[in-house]
Amino acid sequence: MTEERPIVTPWQVTGRVDYEKLIEQFGTEPITGELLGRIERAAGELHLQLRRGVFFSHRDLGWILDVHERGVKFGLYTGRGPSGPTTIGHMVPWIFTKYLQDKFDAKLYFQLTDDEKSLWPPPGMSLEETRFWTRENALDIVATGFKRGKTLLVADTLCARTLYGMAVEVAKHVTYSTVKAIFGFEDSANIGIIFFPAMQAVPAFLESRLVGKNVPCLIPAAIDQDPYWRMARDIAPKLGFFKPAQIHSKFLPGLLAGGKMSASIPESAIFTTDGEVAAKRKIVNAFTGGRATVEEQRRLGGDPEICPIFQYELFLFEPDDAKLEDTKRRCLGGELLCGEHKEALAGKVAAFLRSHQERREEAKEVLDEFLVKDEYFSK
Ligand code: TYM
């Protein structure tokens with residue numbers, strides 16, 4: 001059987017991704033032990049996603065730490081394309097961003113690209129639909145626990161006056177051949193999506209514009225968003241801004257074989273709004289790194305590297321490194337069977353969903369304090 005060649009773009013992630021190759025291909029840097037040590041000293045502790053290599057790549061992270069060591073504040077920027085319910089995959093970078101916000105007391109711009117999801121992939125949703133998902137996703141963002149007053153949820157069509165003007169400044173410096181090379185647009189692409197990368201660049205510079213001086217910006221996201229930052233970094237000096245820095249995560253795998261967890265393939269995904277029964281059903285039916293029979297599993301052991309059940313523990317659900325190691329050892333040694341492991345994970349996922357859904361309900365009361373409008377920027 002030939003291995004499917006992996007594809008990683010902002011709109012598609014398929015196949016088994018070789019993250020080391022991706023670093024080479026995208027021209028980013030690996031997160032070294034030295035950088036981890038610096039983050040640990042600055043933050044007081046390393047998030048499990050750093051300890052376990054979930055966040056594995058960066059651009060200019062050393063510079064962000066230099067700036068911090070000089071006592072200068074940096075800002076954070078991340079986002080969501082509101083095209084459907086939030087998955088626990090989306091929450092991987094959000095949970096990490098919350099850690100950064102807490103440890104560095106950073107202001108966070110959180111963009112919701114309702115325009116993007118109406119433009120791409122074709123035929124796109126109506127703006128009415130993407131605005132509906134903007135509010136739904138915003139509840140998950142607030143429920144993640146970001147700080148009130150330090151977190152601005154910026155939806156593109158709600159803040160159009162502010163964002164559009166700056167996007168025009170960005171767009172002036174980007175040629176069609178550049179976006180074509182970065183994003184692989186074909187001639188059939190609509191003109192909206194060709195312009196859109198300028199909109200996604202803007203929040204990296206918004207704070208600098210707001211306060212009238214350059215503020216360093218760090219963007220935590222999975223590595224699929226990197227093409228946007230290549231473009232943003234290219235034009236930043238032309239507009240007099242610092243180049244935004246990035247820290248990139250791997251993808252939480254889907255529950256089906258191959259590819260990332262994706263909202264557009266519902267059986268591959270656990271949604272934050274799933275009930276306990278639905279979540280458990282999907283976990284029970286999931287692909288694993290296990291063998292065809294119990295006898296083989298006992299004799300040969302499973303493969304935690306390719307197993308979503310193990311990876312969910314590693315990315316999100318097992319905070320204790322020693323317990324995770326023990327699970328890995330029992331899986332490799334054939335002691336732990338997939339059914340048993342699925343059962344254990346389903347319990348942890350149910351507990352996570354219950355408390356997230358409670359906070360999501362509470363978020364309804366405060367949502368409008370987080371979702372900013374143009375007026376905020378013209379005060
Ligand atoms: P979107 O909505 O596709 O994804 C939202 C965030 O989730 C990350 N992500 C994942 N991370 C780990 N495992 C997965 N399976 C997984 N699937 C998605 C994405 O990398 C992203 O961080 N165009 C963007 C919206 C956006 C944005 C930004 C994202 C606007 N500005 C700044 C990050 C940073 C989008 O459609 O994201």
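## A walk from Ser208 to the ligand and beyond

Start by selecting Ser208: its relative accessibility is 5%, so this residue counts as buried. Keep in mind as you click around that this is a predicted model. Ser208 sits in helix H11, which runs over residues 203–211. Show the side chains around it: leaving out residues up to four places away in sequence, Ser208 touches Lys213, Asn214, Val215 and Phe241.

**Next stop: the ligand**

Now select the ligand and bring up its surroundings. There are 25 residues around the ligand, and Arg80, Gly81, Gln200, Asp224 and Leu252 come nearest. Sorted by type, this shell holds 10 nonpolar, 9 polar and 6 charged residues.

Which polar atoms should you look for? Try Tyr77, where a polar side-chain atom is 2.8 Å from a nitrogen atom of the ligand. Gln200 also places a polar side-chain atom 2.8 Å from a ligand nitrogen. At Gly81, look at the backbone instead: one of its polar backbone atoms lies 2.8 Å from an oxygen atom of the ligand. How much of the ligand does the protein bury? On its own the ligand exposes 680 Å², and the protein buries 98% of that.

Color by secondary structure and you can see where the shell comes from. Strand E5 (75–80), helix H5 (91–104), helix H6 (114–119) and strand E8 (217–222) each contribute at least two residues. E5 has the largest share, with 4 residues.

**Two cis bonds after H6**

Follow the chain out of H6 and stop at Trp120. The peptide bond joining Trp120 to Pro121 is cis, with omega about -10°. Pro121 is in the loop that leads from H6 to helix H7 (127–143). Stay in that loop, because there is another one to see: Pro123 lies there too, and the bond from Pro122 to Pro123 is cis, with omega near 5°.

**Positive phi angles**

Jump to Asp60, in the loop between strand E4 (55–59) and helix H4 (61–69). Asp60 is not a glycine, yet its phi is positive, near 65°. Its relative accessible area is 30%, so Asp60 is partly exposed.

Then pick Asp105, in the loop between H5 and strand E6 (108–112). Here phi is near 50°, again a positive value in a residue other than glycine. Asp105 counts as partly exposed, at 32% relative accessibility.

**The cysteines**

Select the cysteines. How many disulfides does the whole structure hold? The search finds 0. Check Cys217: the closest cysteine sulfur, in Cys159, is 16 Å from its own, so the two are too far apart for a bond. Cys217 is buried, with 6% relative accessibility. Cys338 is in no disulfide either, and the nearest cysteine sulfur, that of Cys307, is 6.0 Å away. At 24% relative accessibility, Cys338 counts as partly exposed.

**Last stops: two long distances**

Go to Tyr176 in helix H9 (residues 176–183). Tyr176 is partly exposed at 38% relative accessibility. Not counting residues up to four places away in sequence, Tyr176 touches Glu186, Asp187 and Ile194. Draw a line from its C-alpha atom to that of Phe310: the two are 43 Å apart, with their positions 134 residues apart along the chain.

Finish at Asp234, in helix H12 (residues 226–235). Asp234 is partly exposed, with a relative accessible area of 46%. Its C-alpha atom is 32 Å from that of Val142, a residue 92 places away along the chain.

Definitions and conventions
Residues are numbered from 1 along each chain as its sequence is written. This is a predicted model: local features need pLDDT of at least 70, side-chain atom pairs count only at pLDDT 80 or more; totals for chains, interfaces and linings use all residues. Side-chain values use heavy atoms; hydrogens and water are left out. A residue is near a molecule or strand if one of its heavy atoms lies within 4 Å of it. A polar contact is a pair of N or O atoms within 3.5 Å; within protein, one must be able to donate a hydrogen and the other to accept it, and residues adjacent in sequence count only if both atoms are side-chain atoms. Accessible areas come from the Shrake-Rupley method with a 1.4 Å probe; for residues, only the protein chains shown count as cover. Ala, Val, Leu, Ile, Met, Phe, Trp, Tyr, Cys and Pro count as nonpolar, Asp, Glu, Lys and Arg as charged, and the others, Gly among them, as polar. Buried means under 20% relative accessible area, exposed over 50%, partly exposed in between (1.4 Å probe, protein chains only). Contact means heavy atoms within 4.5 Å. A disulfide is a pair of cysteine sulfur atoms within 2.5 Å.
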